[in-house]
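Student: Could we take a close look at one single part of this model? I'd like to see how it sits among its surroundings.

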Amino acid sequence: MRTRAASARFTGALSLKSWIGSLIHSSPARVALLVFTGLILVWTALLSLPIASSTREVTPLADALFTAVSAICVTGLSTVDMATHWSLFGELLILGGLQIGGIGVLTLASILGLTVTRRLGLRSRLLAAGDTNPMRMGRDVSESQAVGLGEIGGLLAAVATSLVVIELALTAFITPRLIAEGYTFWHALWNGFYLAASAFTNTGFVPLPGGLEPFATDTYLLSVLAVGVFLGSIGFPVIFALYRYVVGGGWRAHKRLGLHAKLTLTTTLLFVVFGWIAIAGLEFNNTRTLGSQGLGDTLFSSVYMSVMTRSGGLGVMDPSDMNGSTLLVMDMLMFVGGGSASTAGGIKVTTIAVLFLAAYAEARGYKDMQAFDRRIPNEVLRVAVSVLIWGATIVLAASVAIMHLTREPLDIVLFEVISAFGTCGLSTGLSSEIDDPGKYILAATMWAGRVGTVTLAAAVAATSRSRMFRLPEERPIVG
């Protein structure tokens with residue numbers, strides 16, 4: 001009887017494993033969404049426990065859910081004081097949540113697939129490769145991908161390795177500065193690791209009393225945080241490509257970086273410089289922000305804030321004190337966000353780069369989009385346009401709803417909504433003042449922004465549909 005019962009349990013376990021593996025292979029994006037949403041619900045329940053708050057009181061559901069979404073979606077917006085509200089248990093939960101969120105949705109699904117089946121199926125590999133290069137989300141996957149199908153396992157290892165190595169390195173740089181500020185060694189080490197994780201995952205949570213205000217002009221600490229945010233925002237595939245390039249002696253062997261890495265780095269740097277110039281130029285005479293600083297501090301603070309709009313959120317200036325023109329510039333930067341398969345949010349820099357390349361090709365009369373001596377397939381443009389439209393729709397719908405609930409002006413509401421969608425975390429203070437319905441709307445916006453519009457669309461579509469015919473062509477008037 002025992003043998004038969006054990007055999008039945010073994011058979012049941014195999015059947016469950018087979019079912020999970022089949023589900024992951026058939027729709028890994030949908031599984032990733034389910035896992036991601038399930039983690040948010042679990043974190044909400046845990047953060048609601050009395051042990052998670054410093055006062056040992058139950059955290060209201062809206063605040064617990066908002067914090068769980070903000071942590072798992074690596075956003076950084078908060079409805080409570082992060083430095084005083086949570087206990088050590090709550091801080092550990094939040095730190096674990098932002099680490100999980102930093103790994104990414106499809107990467108999490110790929111790791112789950114490896115754990116269950118000990119291998120990656122072709123469909124999982126295609127989607128994982130598509131997350132590293134969203135310009136190739138279709139079935140026609142060629143050798144022009146940012147990461148080849150045979151390298152997905154290496155990419156997953158690189159994700160975990162880069163996460164650990166970079167965060168430990170950042171901790172080593174931050175901890176001595178906190179000790180010099182008067183923190184004990186263990187307190188400095190804990191807060192240093194928390195800040196390192198918050199910077200690299202582009203979350204923006206600050207566990208220090210008073211936030212970063214005491215370090216508003218600390219060039220050393222802010223530079224370390226900016227480097228962490230930049231590395232997190234360019235994406236794991238780019239870090240992986242740069243590592244292979246440097247270790248392999250690419251400059252000596254005349255090897256090339258891939259198109260995805262070049263586009264990401266070039267576009268990111270262009271947006272950082274644009275934000276730097278715009279923020280400095282628009283705020284230099286604003287006495288509430290940069291107007292009271294010297295030239296050197298003004299240039300440093302403006303470039304730091306420009307880097308934070310990648311999705312970092314570790315701001316040193318209050319956005320509510322900024323000019324409306326500056327808020328609009330930062331809206332654009334946060335909406336674009338960082339690189340694909342990164343800890344940053346937004347529609348991604350490669351998406352906007354493809355749109356600009358398409359406009360340039362059209363203006364010059366070129367049939368194909370070209371960049372760095374490579375031709376970009378036309379179906380890439382369709383994906384980029386879809387991402388832009390879906391992202392704009394989400395922001396518009398959330399902005400209208402929150403404006404109706406709060407009666408706040410457009411510039412304040414739009415900034416908060418785009419910060420949520422781009423998982424940036426910079427805030428005008430609206431998140432902490434809004435009523436529960438508004439918190440739920442912002443939480444849903446953060447979820448949609450982190451999951452990603454392409455992944456969301458892929459999960460909603462059960463299967464790819466193909467037709468056996470094509471309709472007659474007729475061109476409408478455009479423009």
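Tutor: Happy to! A helix here is a DSSP run of H or I that is at least four residues long, and helices are numbered from the N terminus. Keep in mind as we go that this is a predicted model.

Let's set the scene before choosing our part. The chain has 20 helices and two strands. Of its 479 residues, 52% count as buried. Among the contacts with a separation of 6 or more, 72% are between residues 24 or more positions apart.

Now for our part: helix α14, which covers residues 324–336. You can check its length yourself. The helix has 13 residues, and at 1.5 Å a residue these should span 18 Å. The end C-alpha atoms of α14 are 19 Å apart, so the span in the model agrees with the expected one.

Next, look at which side chains of α14 are tucked away. The buried residues are T326, L327, V329, M330, D331, L333, M334, F335 and V336. A general point helps you read such a list: an α-helix has 3.6 residues a turn, so residues three or four places apart point the same way.

What do the buried residues of α14 pack against? They meet five helices: α12 (259–283), α13 (295–308), α15 (349–364), α16 (378–406) and α17 (410–421). Right after α14 comes G337, and its phi is positive, near 80°.

Let's follow one of those neighbours, helix α17, through its residue D411. Leaving aside residues up to four places away in sequence, D411 touches G324 and L327. L327 is on the list of buried residues of α14. Is D411 buried, exposed or partly exposed? Its relative accessibility is 32%, so D411 counts as partly exposed; a residue is buried under 20% and exposed over 50%. D411 also makes a nice example of folding in space: D411 and N323 are 88 residues apart along the chain, yet their C-alpha atoms are separated by 9.9 Å.

Finally, a look beyond the helix. The second largest pocket holds about 810 Å³ of space. It is lined by 31 residues, and the closest to its centre are G211, G313, G315, G425 and S427. Sorted by class, the lining has 14 nonpolar, 14 polar and three charged residues.

You might also wonder about cysteines. C73 is buried, with a relative accessible area of 0%, and C424 is buried with a value of 0% too. The structure holds zero disulfides.

Definitions and conventions: Residues are numbered from 1 along each chain as its sequence is written. This is a predicted model: local features need pLDDT of at least 70, side-chain atom pairs count only at pLDDT 80 or more; totals for chains, interfaces and linings use all residues. Side-chain values use heavy atoms; hydrogens and water are left out. On a 1 Å grid over the protein atoms alone, a cavity is a set of points where a 1.4 Å probe fits but cannot get out, and a pocket is an open set with protein on both sides within 12 Å along at least five of seven lines; lining residues have an atom within 4 Å of a point. Grid points are joined across faces, edges and corners, and a volume is the space filled by probe spheres set on the points. Ala, Val, Leu, Ile, Met, Phe, Trp, Tyr, Cys and Pro count as nonpolar, Asp, Glu, Lys and Arg as charged, and the others, Gly among them, as polar. The expected span of a helix is 1.5 Å times one less than its number of residues. Buried means under 20% relative accessible area, exposed over 50%, partly exposed in between (1.4 Å probe, protein chains only). Contact means heavy atoms within 4.5 Å. A disulfide is a pair of cysteine sulfur atoms within 2.5 Å.
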